[in-house]
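Visitor: I should like a close look at the salt bridges of this protein. Please describe the partners and their surroundings, and then turn briefly to the other side-chain contacts.

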Amino acid sequence: FLPQVDSANAGRVLASDAAVFLKKSGLTDLVLGKIWDLADTDGKGILNKQEFFVALRLVACAQNGLDVSLSSLNLPVPPPRFTDTSSPLLLSGTASNDLPWAVKLEDKVKYDAIFDSLNPVNGLLSGDKVKPVLLNSKLPVDILGRVWELSDIDRDGMLDRDEFAVAMFLVYCALEKEPVPMSLPAALVPPSKRKPLSVPGAMPLIPSSTSTKESHQSLPPAGILAAKTPLTQ
């Protein structure tokens, strides 16, 4: 990765160059800011080779649902993933289209039954219909907000059958005390939503603002879960 951001081969990376490169990880600016603060130990706005590797390691931690902290650096994680066509990851063989979907068939049948019981309209469930199911899990609201963000893959404020399965999968993972990832792993992207020729394990950058969704009758991610209504289910 280093030659891509250190074109002058000076052994250091400027903040501006690193920012452009790190954004390709698909992580939010908030998370990337934290990663930079931890990696740029002397606060000079420049990373040396060692610090750059720390930043890459923290990106990998965040992409795999681990805390962005120096204590995570010793944990075993797969290499970081970037949506860059010149990335060496392109040489690693299988495209994400070939990855088996993480949602097992027997689980998908169960999730589909819940989906159908919520009276989808044109094969879609609105945030209002999904909210009670999410809240019923008793998970923290911030976790449920992230579940909604990750499962609404096409950002239309609605969940189709496959997106709903992703949401249920993430909820059950969280109930098993597994961390909800910061960005959706490639294996969790439903085959129906996968783009051809994508970098293995990489997701396209998702705009952090909700302005693109304002033309739909959708709810901002945190908003769908803000009201903790008592559940009768």
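Guide: What follows treats the salt bridges and then some further side-chain contacts. The model is a predicted one, and its salt bridges number 10.

One of them is formed by the side chains of K108 and D162, with an N to O distance of 3.3 Å. K108 belongs to helix 5 (residues 105-117) and D162 to helix 8 (residues 161-175), so this pair ties together parts that lie 54 residues apart in sequence. K108 has a relative accessible area of 11%, which is under 20%, and therefore counts as buried. D162 is likewise buried, at 17%.

Helix 8 also supplies E163, whose partner K193 is placed in the loop between helix 8 and helix 9 (223-226). The side chains of E163 and K193 meet in a salt bridge of 3.8 Å, N to O. This pair links distant parts of the chain, 30 residues apart, and both E163 and K193 are buried. Beyond single pairs, salt bridges with shared partners join K108, D112, D116, R161 and D162 into one network.

A further salt bridge, 3.4 Å from N to O, brings together the side chains of E149 and R155. Here E149 is partly exposed, with a relative accessible area of 28%, whereas R155 is buried at 16%.

A polar contact of another kind involves T41, which is located in the loop between helix 3 (29-39) and strand 2 (46-48). The side chain of T41 is joined to that of E51 by a polar contact of 2.6 Å. T41 and E51 are 10 residues apart along the chain, and their C-alpha atoms are separated by 7.7 Å. With a relative accessible area of 65%, T41 is exposed.

Among the aromatic side chains, the structure holds 4 pairs. In one of these, the ring centres of F52 and F53 are 6.4 Å apart and the planes stand at 50°, so the pair is tilted. F52 is buried, at 0% relative accessibility, while F53 is partly exposed, at 41%. Ring pairs link both residues with F21 into a cluster.

Finally, the cysteines: a search of the whole structure finds 0 disulfides. C61 is buried at 0% relative accessibility, and C173 is buried with a relative accessible area of 14%.

How values were computed. Residues are numbered from 1 along each chain as its sequence is written. This is a predicted model: local features need pLDDT of at least 70, side-chain atom pairs count only at pLDDT 80 or more; totals for chains, interfaces and linings use all residues. Side-chain values use heavy atoms; hydrogens and water are left out. Helices (H or I, at least four residues) and strands (E, at least two) are DSSP runs, numbered from the N terminus. Buried means under 20% relative accessible area, exposed over 50%, partly exposed in between (1.4 Å probe, protein chains only). A polar contact is a pair of N or O atoms within 3.5 Å; within protein, one must be able to donate a hydrogen and the other to accept it, and residues adjacent in sequence count only if both atoms are side-chain atoms. A disulfide is a pair of cysteine sulfur atoms within 2.5 Å. Rings of Phe, Tyr and Trp (its six-membered ring) pair if their centres lie within 6.5 Å; planes under 30 degrees apart count as stacked, over 60 as edge-to-face and the rest as tilted. A salt bridge is a side-chain nitrogen of Lys or Arg within 4 Å of a carboxyl oxygen of Asp or Glu.
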